[in-house]
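Welcome! Let us take a friendly walk through a protein model and look at its charged side chains, its cysteines and a few other places.

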Amino acid sequence: MKDAQVVLEGEAKIQRRLKIRQGNPTVSLQSVYRPLPGTYDEVLGEDGEIRPHWRQFTEGLMRFEPEEMRRRWDMGQRLLRDNGVTYNVYGDPEGLDRPWRLDPLPVVLSQDEWHMIAAGIEQRATLLETILSDLYGKRTLLSRGLIPSSLLHANPGFLRPCHGWLPAGKRRMHVYAADLARGSNGHWRVVGDRTESPSGSGYALENRSIVSRVLPELHRSLQVERLGPFFDTLRRQLQMLSPRHKDDPRVVLLTPGPYNATYFEHAFLARQLGITLVQGEDLTVRDNNVYLKALTGLQRVDVIFRRTGGVWCDPLELRGDSTLGVAGLLQSARAGNVALANAVGTGLLDGASLMGFLPALARDLLGEQLALPSVATWWCGEPESCRHVLANLERLIIRPAFANRDQPVVGSALTESEANSLRTAIAAHPWDWVAQEIEGTSTVPVWTGGHLEPQHCVLRVFAVATERGWQALPGGLARLSAERELLTTRLQAGGGGSKDIWIAAGRRDLQTPAKLRAPAVRLTRDNRDLPSRVADNMFWLGRYLERCEATTRLLRAALGHMEDSLAQDDGEQARATLHTMGLLGMEMPADILEEDNPENLPYRLTQFHVDESTTGLANSVDRLIRVVTNLRDRLSTDTWRAVQRLRDEVGLLEAESLDGDIIGRLNSVVLTMQGISGLAMENMTRGPQWLFLDSGRRLERAIAIVDNLSGALTDVESEDAIALDLLLEIWDSVMTYRSRYLASPRLAGVLDLLLCDESNPRSLGFQVGTLSRHVDSLAGIGEDSGFYKPEQKLMTILSGTIRTTDVTVLARYERDAGYHDAERLLDFLRSRLWELSEQLSRSYFTHAQWRLPVARMEVMP
C-alpha cells in the first residue's frame, strides 16, 4: 500500500513538471502585474508590452501555478535559513543574525545593456584608481585646480600616513563597486562609488545559488552568465599580490568580527576563496612583517584581503582607540612585506563627494567622456554649489560628504522646520555635505504574498583589477525597497530585500571558459593556519555542546519523574524529585521549591529553561550559537544547519510547555545535539581543530559527571537515599548496568560504571583517557623539549587516580562521616579538572609572543 502511494506521488510530480515545461502560459504577465505610473519599469514598457530580453523569462514564469511558485519559494527560504544567510542591522532591536531578504525573481539584463554597464564600470574604476594614485602621490590634480584642496583635506578618509608610498602590486584599489539607478529616461547612472571595502559580492553569489535552485528551468533556458569565474579571478589576483612566493602565498581575510553588519559575507568569501578568516587580534607585526598567531607559533602573512575600515586598521598610526586593527600594519605595508587589498586609504573616494568633478577628470586623465555618468551631484564646499543646494533643497537628496556618520535625507520629505534646520547645518559646515538630484529609480516585479507587486531597485555592480585591466562581475546585487528608503540606506542598513541579477547570454554563448590550471600543490596534512582564537572557540564549542546536552538530559529526567509523581497525585514526591535534581546540578528558579501548587512545578521549570536571560537551556544554546557564529568559516554547512535546527527545537519548547509533548520535544533536542556531535566525529579530520573541539566536550562531560556524583552523595544517610536510578538514566547507562548485574542498582556498581570504567563513553574514566591522548597529541604540535608539559602532568595524575581507585572503599558508608572518601576524591578530581581547563587556556589560547625572536621595530623618519 505504501509502495503504491509512493508511485502515485512520483507520477503526480512528473505530471506537474510536464505541465510546467509544456504548453503556452494561460495567464499573461500584464494581467497580474501593474507597474507604478510615471516610473520606468524593467519588465514592461510604456506601451504595456514585455521588453524583448524579458519575454523568455516571463513566459516560463507564467507557466507556474501560484501554488507551485509558493512551494518553490518555501524551499528557497528554507535554503536561506539552512545556509545561515544573515546580515546585522546596527542598533536593531531584533539583534544579530537577521535573515537575509531575497526575492525569487531576478532582474534580467540583456547582453548589449550589460556590455555598456560593464564598460562604464571598468572605465570608472580605472579613473578612480588614477585619482587615488595622484592624491596619495604628487597631487597634481590639486595644483591644477581640478580638485579643490579643501575637498581633500576636509575628508577624514584622506589618511596622511598613506601618502607618498606605492602599495604592493603598484595599485591601491583592487576591488570596486558602484550603485546604479535607472532614471525615468531609461538611462543608468551611478549613485555612489564604493572604493573602501565593497560589500555585497558574496551575497550576490549566495543569491545566485538560491534562485538558480528555485527556478532551474528558467536559469538554464536563458543561459545566464556564470559568477564563478569572477571569484576565481579574484582569488588569483590576491595570490599575485604576494610580495614573496606567489605559488603558495598565505592570504587572509581581515574582518571586524561577528558583530559587523556583513560578517556572514566575510565568512562566506573566506570559504569560497579558500583563505583564512582572521580578526585583528589574530595578527601581529614583528620585524616589519605581519604574522598570524597560529598554534605552532607565528606564521608569515603575505596578502590581507581587507574588510575592516581603513581608519581602524592600525591603532599605532591611525585611530589609537581601535581594537579591530593590527599595530604596525602600515609600517609593514610601506616596507613592501605585506599586500593589502584594497590598500588602506582608498576610502578617500568612497561615497559621492567627488562625483561632481568626475566628468572633467575623465576628460583630463583618460581623454574620454564618462561612459556611465553619475547622477547630478553638488559638493557644498563650493560657494556656487552650496547656494544651488540651499535654494533647491526640496528636490534634492542630501548626504554627508564624508564617511557615513548620518543617514541621507530626502529634501521633499522634510517639514519646513526640518528643512530650515538642515539649511542651517549646511551653511555652518558646507564642506561636510553633498547633494544629489535623482530623478527616480526603476521598478521590478517582486513576489509578495503570492502575487507580484512593483518595487524600486538599485543595482550594485562589482569589478576586480587584473593584469589586463578591470573585469566586471557578470551580475551583481539588486537592492529593493520603497524609493525614498532605498536612496537613503546602505547595504549594511538592511534596506528592504535583494534580487539576483541575470545576464541572459542566449544560445550563442554556450562555450565554457577554459579553467586556469592551478599551481603544483605542496602536499601537507598539517593545519598550519589555525589561529589561537579559533582553537579557543573550538574548545568552547565542545564545552557548550556538552553543556547543552547535559542540561537537556537533566531537564528531561526531572520533568519525566515529576509528571509520573503528579499523575499519581503525589505532589510531595514531585517536589522531592526537583530537590534531588537541584543537588545533581540542574539549574532552576531560586524559589521554585516554595511553590504552593505542585502542579505548577513542571511549567515553572520549563519557563526558566526557555528564558535566555536565565542560566538554563536557552541561555546555553544562545552561547553555543555565538561561538558557532565565530566559527562560520570553519564549520561545514551541514553543521550550521544542525545548529540552526537546535535553536528552532529549543525555541519550540515554550509552545510545548502548556499542553504539548514537551518530553518529546526534549528528545528531539537531544537527537539534534547528537547529530551535531556525529557530524564532528564523522566529518572532521583529526587535526588540532577537532582535538580542541573534542577536548572541550570531554572536559565538560568529566566535570558534569563529578558534579552529579558529588551532588547525589550530599547529605544522604544511607545508600537507599541515593538517586542511583536517576544517575544511570541521566548518563544513558541503564541498559549497560542491567546487562551486567541483573539486579537493582548498588552504589559500588554505579560508581564503577560512571567513575572508573574506561569502556563506557559516559564514564569519567573514558573522558580522562580520551583527554590524555588528546593532550599528548596537542603537545606534539609545538616544540618537543622532551619534558612533560603541565597539562600532560595533570592528565597523568588524573589517569592514575582513577585507575587506582577502589570503588568498594568509596561505596562504604560511615555513620559519622557519611561517604567521606568518595566526596574527598570527587573534590580532588573537580579541582584538577578545572586546573586542566585553565592550563589549556594558558598553553594554547593566549598566544606566546616569545615563540619567535623579536627585533626592534624600525622607525620611519
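The report below begins with how the model is read and then turns to salt bridges, cysteines, a surface patch and one leucine.

This is a predicted model, in which local features need pLDDT of at least 70 and side-chain atom pairs count only at pLDDT 80 or more, while totals for chains, interfaces and linings use all residues. Residues are numbered from 1 along each chain as its sequence is written, and side-chain values use heavy atoms, with hydrogens and water left out.

**Salt bridges**

Side chains of opposite charge can pair when their charged atoms come close. A salt bridge here is a side-chain nitrogen of Lys or Arg within 4 Å of a carboxyl oxygen of Asp or Glu. By that rule, the structure holds 44 salt bridges. Three of them are set out in this table.

| Acidic residue | Basic residue | N to O distance |
|---|---|---|
| Asp179 | Arg194 | 3.4 Å |
| Glu700 | Arg547 | 2.9 Å |
| Asp622 | Arg626 | 3.2 Å |

To place these pairs, we need helices (H or I, at least four residues) and strands (E, at least two), which are DSSP runs numbered from the N terminus. We also need three words for accessibility: buried means under 20% relative accessible area, exposed over 50%, and partly exposed in between (1.4 Å probe, protein chains only).

What does the salt bridge between Asp179 and Arg194 tie together? Asp179 lies in strand E4 (residues 175–182) and Arg194 in strand E5 (residues 188–194), so the pair links parts that are 15 residues apart in sequence. Asp179 is buried because its relative accessibility is 4%, and Arg194 is buried because its value is 10%.

The salt bridge of Arg547 and Glu700 spans another stretch of sequence. Arg547 belongs to helix H17 and Glu700 to helix H24 (residues 688–712), so this pair ties together parts that are 153 residues apart in sequence. With a relative accessible area of 24%, Arg547 is partly exposed, whereas Glu700, at 9%, is buried.

Asp622 and Arg626 are four residues apart in helix H20 (residues 617–630), so about one helical turn separates them. Both ends are partly exposed: Asp622 has 23% relative accessibility and Arg626 has 43%. Elsewhere, salt bridges that share partners join Asp179, Arg194, Asp350, Arg460 and Arg479 into one network.

**Cysteines**

How many disulfides does a search of the whole structure find? The search finds zero disulfides, a disulfide being a pair of cysteine sulfur atoms within 2.5 Å. For Cys386, the nearest cysteine sulfur is that of Cys380, 4.9 Å away. Cys386 counts as buried because its relative accessibility is 11%. Cys457 is buried too, with a relative accessible area of 0%.

**A negative patch**

Glu563, Asp564, Asp569, Asp570 and Glu599 form a negative surface patch. Such a patch is made of residues with over 30% relative accessible area and no salt bridge, with like charges joined within 9 Å. Among its members, Glu563 sits in helix H17 (residues 532–567). Glu563 is partly exposed because its relative accessibility is 38%.

**One leucine**

Is Leu238 buried or exposed? Leu238 is buried, as its relative accessibility is 4%. Leu238 is placed in helix H10 (residues 228–240). The C-alpha atoms of Leu238 and Gly169 are 9.7 Å apart, although 69 residues separate the two along the chain.

Key:
Patches are made of residues with over 30% relative accessible area and no salt bridge: like charges are joined within 9 Å, nonpolar side chains (Val, Leu, Ile, Met, Phe, Trp, Tyr) within 5 Å. Accessible areas come from the Shrake-Rupley method with a 1.4 Å probe; for residues, only the protein chains shown count as cover. Lys and Arg count as positive and Asp and Glu as negative; His and the chain ends are not counted. The place of a charge is taken as NZ of Lys, CZ of Arg, CG of Asp or CD of Glu.
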